[in-house]
Amino acid sequence: MGTAADEQNFFATLNNLPAGDITIFSIIPRLLVSDNLLPDAWYQWHLMRYSTLRDIVEQFGDYPSTQKLEEIKARIPAKILQKYNTLYQNNDAFNKQLAAICGGKKYTLIIGQDDAQPFGLPNRNRAHADAYMHRAGLNSQCLTTCGADEIAQMLVSRRFCNTHNYQPKFYIEYTTPDAAVAIMPYMAVTAEAALIDKIKFSGGTLTQDINNADVILFVHCSSEKQPATDGMAQRLQQLLDEGRHVAVIDSSEDYESKQMLLPVLLDNDVQINKLAAYAAWNTFGNAAGTAVAQSAIFTGQLKTLPPQNLSALYAANLNFTVDRLLDDYCYQKLLHHKLTEELKLRGADPVELKPAYKTFAEDIIEGFIYREKTKLLYTNLGLTPFYTDGANQYYLTGIEPKTKLPWNRIFEIDLRTKCEYGIKKSAR
């Protein structure tokens, strides 16, 4: 967390920048306090409940919620409660000053909100940030969004669409009837609200006509009661066989691989090398933003590049998809929880690794990712051409991943993937 001096230095730098085409983005603090910050973490549930109830009381003022709020406040040490409230007060003041500066200089301002719930102090700060932007005269280019980690990718997509005057049309197809209204873990809004948010952010539009769509968002919001099925896989393959550009957003209520769509796609030999995008981040907003950004740039480039460059475009897009498969699914869903347990059994702290245990974890990750990439390549990704131009068929022939831990924790990995490709003459 930055200090008051850091904040003032940042504003001084911002004030000294010239007026022009500059984009600033900032993130509202997450609802939950850090699980390794003691003694605050002992009251993590209490603080979350306090945050939720305070927002409800401020919006509705009902007696039962007010009574519950006073009860939960009494169970949290005053010093910890003050620290939690101060965090959001400082962020609120920061956003207000940030909006004023960006308004004066005509900068683009994006404020993200991640790891939230339908009610809570982060939502309060987001509503305030919207008001500060409006008061500062910031136009529709400035907005708040339900996400954080994917914002930089979204900004690249937004700039690309703006530069090329491209307004991608997205059609949403859900794998289950109630997916649109599902509120996935760590989200403050429904899945459909998050998708519309990301489509708007990218500069795209929503279409109800599948035949008029540049991208079909194939959205899976699974739970124990509604896991992925063979029928979903067959439907996706049908869309790919029709030549549609499909971006898969693969989310699960319990963050478990057995609820996800990808294993079923692999079991059914769906040609995932032809996807326009795949994302399965830890929050639905992160995954939705990544898939929307990737597919918007990919389909936009299809309309921009000359025919001789299309094979390179398809190859580059597949390389990014392979990154997501190895990171979002293989590492985060298959390995992360097992590695956490292994480190704890050895007396190591997964969020504060000593050098020897960091090396130990990196060795496990490297070996696991190598095995998973080999399995993906030889059982699915490399079996069929990912692009055909009439004269040639283009195949994925190799995947060379490099992994390391960027910090002394295993929450995320630094994954760099280099794919290799081969060409086969099409049968005449």
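Biologist: Let's start with Ala194: is Ala194 buried or exposed?

Modeller: This is a predicted model, where local features need pLDDT of at least 70, side-chain atom pairs count only at pLDDT 80 or more, and totals for chains, interfaces and linings use all residues. Residues are numbered from 1 along each chain as its sequence is written, and side-chain values use heavy atoms, with hydrogens and water left out. Buried means under 20% relative accessible area, exposed over 50%, and partly exposed in between (1.4 Å probe, protein chains only). Ala194 has a relative accessible area of 0%, so Ala194 is buried.

Biologist: Which helix does Ala194 lie in?

Modeller: Helices are DSSP runs of H or I with at least four residues, strands are runs of E with at least two, and both are numbered from the N terminus. Residues 191-202 make up the one with Ala194, and that's helix 7.

Biologist: And which residues does Ala194 touch, leaving out those up to four places away in sequence?

Modeller: Contact means heavy atoms within 4.5 Å. Cys146 sits 48 residues away along the chain, yet the two C-alpha atoms are separated by 6.6 Å. The full list of contacts is Cys146, Met187, Val189 and Phe284.

Biologist: Now the sheet: which strands are at its edges?

Modeller: Two strands pair if DSSP finds at least two bridges between them. Here 3 strands form an open sheet in the order 1-2-3, with parallel pairing. Those that pair on one side only are strand 1 (23-28) and strand 3 (143-145).

Biologist: Over how many bridges do strand 2 and strand 3 pair?

Modeller: Strand 2 covers residues 108-113, and its Ile111 stands opposite Thr144 in strand 3. The pairing is parallel, and the count of bridges is 3.
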